[in-house]
Amino acid sequence: MAERNTPNGPGFIQANTNNSEILRQIIASIFPVGGVVGLNDLLVTANGTPNMTVNVAAGFGIIKGTEVATTQGSYHVYNDASVSKAISAADPTNPRKDLVVIKAQDAQYSGAVNTWSIAVVTGTPNATPVDPAVPNNSFTLARILVTASKTSIVTGDITDLRGARTSPSYGDTTWQAPAYANGWVDYDVAHAVGFRVVGTRVILRGTMKTGTLNTTAFTLPLAYRNAKIANFACASNGGFGLLSIDGSGNVVPVNGSNVYFSVDGVTFDLI
């Protein structure tokens with residue numbers, strides 16, 4: 001292998017008619033891994049009246065090519081409306097795990113089909129089920145736990161695996177209130193804790209109290225997480241306390257005081 005040129009030189013030089021592979025390589029350089037673009041893009045949810053289907057929301061997705069990893073690049077896809085996908089009938093004896101994926105089929109690399117689709121990859125029933133293998137050129141949106149003899153999929157059966165933090169473009173969200181745990185509560189109404197996304201940053205505000213130190217006060221949803229652990233110095237009862245946020249979104253006041261613990265000014269990048 002050597003320098004890869006189009007017939008007239010590098011990609012997007014004025015004299016060129018550029019091919020799709022170059023554009024996919026550019027997409028891959030902007031989006032290094034697969035993912036979704038907006039916080040709620042391609043979100044998988046249970047049917048309003050639960051049955052053996054799930055709904056996949058509208059939105060944009062990025063699918064990393066895996067058949068020729070070095071040059072295939074990534075595919076940009078768009079779903080313009082909610083789509084219903086059927087889940088196969090449950091096994092009468094054992095549970096299984098299904099995966100909802102977006103996948104690209106490109107005849108340049110294999111087969112004779114050029115399309116993308118939302119698909120359900122059905123797992124194998126087993127006493128201790130595992131995720132099924134996913135197709136080439138795919139990105140996993142969600143896992144569906146199908147227990148033995150199940151007749152309807154509910155919210156608790158769905159695990160969101162989209163990892164929206166992989167995308168550099170999110171848009172802003174409104175302030176969200178946490179679901180507290182381990183005795184933590186808002187200090188008062190005027191200092192209620194909240195979190196939001198602005199651009200590609202997560203911002204926290206407010207003050208909490210009375211919970212158990214070094215336990216999870218609340219957990220940030222998947223789309224509000226960074227894969228790395230981050231630590232912050234926070235005002236706490238006239239001094240400072242240590243706040244830790246891990247890759248699973250657990251917000252933990254490690255030390256300080258539970259008389260009050262402020263998260264004002266805590267902010268971090270999604271990517």
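Colleague: Let's start in this predicted model with Ile203: which residue is its bridge partner in S20?

Modeller: Thr267 is the bridge partner of Ile203 in S20.

Colleague: What makes S13 and S20 a pair of strands?

Modeller: DSSP has to find at least two bridges between two strands. S13 and S20 share three, in the antiparallel sense, so they count as paired. On the other side, S12 and S13 (residues 201-205) pair over five bridges, also antiparallel; Val197 stands opposite Val202 there, and Gly194 opposite Arg205.

Colleague: Why are S12 and S20 called edge strands?

Modeller: The sheet is open, with its three strands in the order S12-S13-S20. S12 (194-198) and S20 (267-269) each pair on one side only, which makes them the edge strands. From one strand to the next, the twist averages 20 degrees.

Colleague: What links S12 to S13, and which residue there has a positive phi?

Modeller: They form a hairpin with two residues between the strands, and Gly199 takes a positive phi near 65 degrees. S13 itself has a covered face, made of Val202 and Leu204, and an uncovered one with Arg201, Ile203 and Arg205.

Colleague: How do you know that Arg201 and Asp269 meet in a salt bridge?

Modeller: The cut-off is a side-chain nitrogen of Lys or Arg within 4 Å of a carboxyl oxygen of Asp or Glu. Arg201 and Asp269 have an N to O distance of 2.6 Å, so the pair qualifies. This salt bridge links distant parts of the chain, with Arg201 in S13 and Asp269 in S20, 68 residues apart.

Colleague: Why are Arg201 and Asp269 called partly exposed?

Modeller: That class lies between 20% and 50% relative accessible area. Arg201 has 31% and Asp269 has 34%, so both are partly exposed.

Colleague: How many salt bridges turn up in the whole structure?

Modeller: Six. One of them joins the side chains of Arg96 and Asp98 at 2.7 Å, N to O.

Colleague: Why are Arg96 and Asp98 called buried?

Modeller: Buried means under 20% relative accessible area. Arg96 has 3% and Asp98 has 0%, so both fall in that class.

Colleague: What does the salt bridge of Asp131 and Arg143 tie together?

Modeller: Their side chains meet at 2.8 Å, N to O. Asp131 is in the loop between S8 (115-121) and S9 (138-146), and Arg143 is in S9, so the pair ties together parts twelve residues apart in sequence. At 33% relative accessibility, Asp131 is partly exposed.

Colleague: What makes Tyr75 a buried residue?

Modeller: Its relative accessibility is 13%, and the limit for buried is under 20%, so Tyr75 counts as buried. Tyr75 lies in strand S5 (residues 74-79). Leaving out residues up to four places away in sequence, the residues Tyr75 touches include Arg24, Ile62, Asp106 and Tyr109. The C-alpha atoms of Tyr75 and Gly34 are 8.9 Å apart, although 41 residues separate them along the chain.

Colleague: Last one: why can Ile26 belong to a surface patch?

Modeller: Patch residues need over 30% relative accessible area. Ile26 has 34%, so it passes that cut-off while still counting as partly exposed. Ile26 is in helix H1 (residues 20-30) and forms a nonpolar patch with Leu23 and Ile30, about 250 Å² of accessible area together.

Definitions and conventions. Residues are numbered from 1 along each chain as its sequence is written. This is a predicted model: local features need pLDDT of at least 70, side-chain atom pairs count only at pLDDT 80 or more; totals for chains, interfaces and linings use all residues. Side-chain values use heavy atoms; hydrogens and water are left out. Patches are made of residues with over 30% relative accessible area and no salt bridge: like charges are joined within 9 Å, nonpolar side chains (Val, Leu, Ile, Met, Phe, Trp, Tyr) within 5 Å. Accessible areas come from the Shrake-Rupley method with a 1.4 Å probe; for residues, only the protein chains shown count as cover. Helices (H or I, at least four residues) and strands (E, at least two) are DSSP runs, numbered from the N terminus. Buried means under 20% relative accessible area, exposed over 50%, partly exposed in between (1.4 Å probe, protein chains only). Axes are lines fitted to C-alpha atoms, for helices over the stretch in contact, and angles run from 0 to 180 degrees between N-to-C directions. Contact means heavy atoms within 4.5 Å.
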